[in-house]
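Colleague: Could you take one part of this model and go through it closely, with the contacts and charged pairs that belong to the discussion? I would like a connected account rather than a list.

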Amino acid sequence: MPAHYNVLFLCTGNSARSIMAEAILNFRGKPTFTAYSAGSHPAGKIRPEALQELEIARLPTAGLRSKSWDEFARPNAPQLDFVFTVCDNAAKEVCPVWPGQPVTAHWGVPDPAAVQGTQAEVQRAFRDAFFILERRINLFLALPLARLSSLALKKEIDDIGKR
């Protein structure tokens with residue numbers, strides 16, 4: 001495995017979960033990791049509740065934007081080492097072919113944007129999604145990537161998605 005890793009987080013709308021994951025990993029994983037996010041059907045805007053969670057955690061939000069996964073299937077796109085789906089819809093969709101055969105896993109997180117209720121209930125759903133993603137990313141960052149075989153690495157990142 002290389003000394004630097006590119007990670008793509010996928011979701012359908014790329015407006016909340018995948019955006020939060022991108023920001024968390026870019027902050028916690030620097031300089032070893034560069035994170036990106038994208039959606040199969042991007043919403044075109046980031047949910048304000050997701051940005052609020054990032055700001056509460058004091059994570060940078062500059063440069064974050066909702067974008068299509070097509071950007072990462074182009075010839076000039078970054079070579080991806082890992083691709084994680086964070087929503088069930090994206091996990092079931094036929095993804096583009098990612099050059100370089102990145103390691104993939106499904107890290108499904110309940111959709112906070114789908115929560116109907118009071119403002120407090122919606123905010124709680126975004127907070128819960130943030131904490132799930134943060135925990136999984138911290139577990140991922142603790143893996144001894146350079147020492148794991150491909151098979152062991154795949155098992156570890158699949159297991160992280162179940163926590």
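What follows is a close look at one helix, and then at some of the salt bridges.

Modeller: Please keep in mind throughout that this is a predicted model. I will start with helix α1, which runs over residues 17-28. Its 12 residues, taken at 1.5 Å a residue, should span 16 Å, and because the C-alpha atoms at its two ends are 16 Å apart, the expected and modelled lengths agree.

As for its surroundings, α1 is mostly covered, with nine of its 12 residues buried. Those buried residues are Arg17, Ser18, Ile19, Met20, Ala21, Glu22, Ala23, Ile24 and Leu25, a list that includes the charged residue discussed next, Arg17. The elements that cover the buried residues of α1 include two strands, β1 (5-11) and β2 (33-39), together with two helices, α2 (48-56) and α4 (119-141).

Arg17 deserves a closer look, since its relative accessibility is 7% and it therefore counts as buried; the cut-off for that class is under 20%. Its side chain meets that of Asp111 in a salt bridge, with a distance of 3.7 Å from N to O. This pair links distant parts of the chain, for Arg17 sits in helix α1 whereas Asp111 lies in the loop between β4 (103-106) and α4, and the two are 94 residues apart. Asp111, in turn, has a relative accessibility of 33% and so counts as partly exposed, which leaves the pair with one buried partner and one partly exposed partner.

The salt bridge of Arg17 belongs to a wider set, as the count for the model comes to 10 salt bridges. Another of them is found in α4, one of the elements covering α1, where Arg124 pairs with Asp128 and the closest N and O atoms are 3.4 Å apart. Here both residues lie within the helix, four residues apart, which is about one turn. In an α-helix there are 3.6 residues a turn, so residues three or four places apart point the same way. Arg124, at 48% relative accessibility, counts as partly exposed, and Asp128, at 37%, counts as partly exposed too.

A further salt bridge joins the side chains of Asp159 and Lys162, at 3.9 Å from N to O. Through shared partners, salt bridges tie Lys155, Asp159 and Lys162 into one network. Within this network, Lys162 has a relative accessibility of 67% and therefore counts as exposed.

Conventions: Residues are numbered from 1 along each chain as its sequence is written. This is a predicted model: local features need pLDDT of at least 70, side-chain atom pairs count only at pLDDT 80 or more; totals for chains, interfaces and linings use all residues. Side-chain values use heavy atoms; hydrogens and water are left out. The expected span of a helix is 1.5 Å times one less than its number of residues. Buried means under 20% relative accessible area, exposed over 50%, partly exposed in between (1.4 Å probe, protein chains only). Contact means heavy atoms within 4.5 Å. A salt bridge is a side-chain nitrogen of Lys or Arg within 4 Å of a carboxyl oxygen of Asp or Glu.
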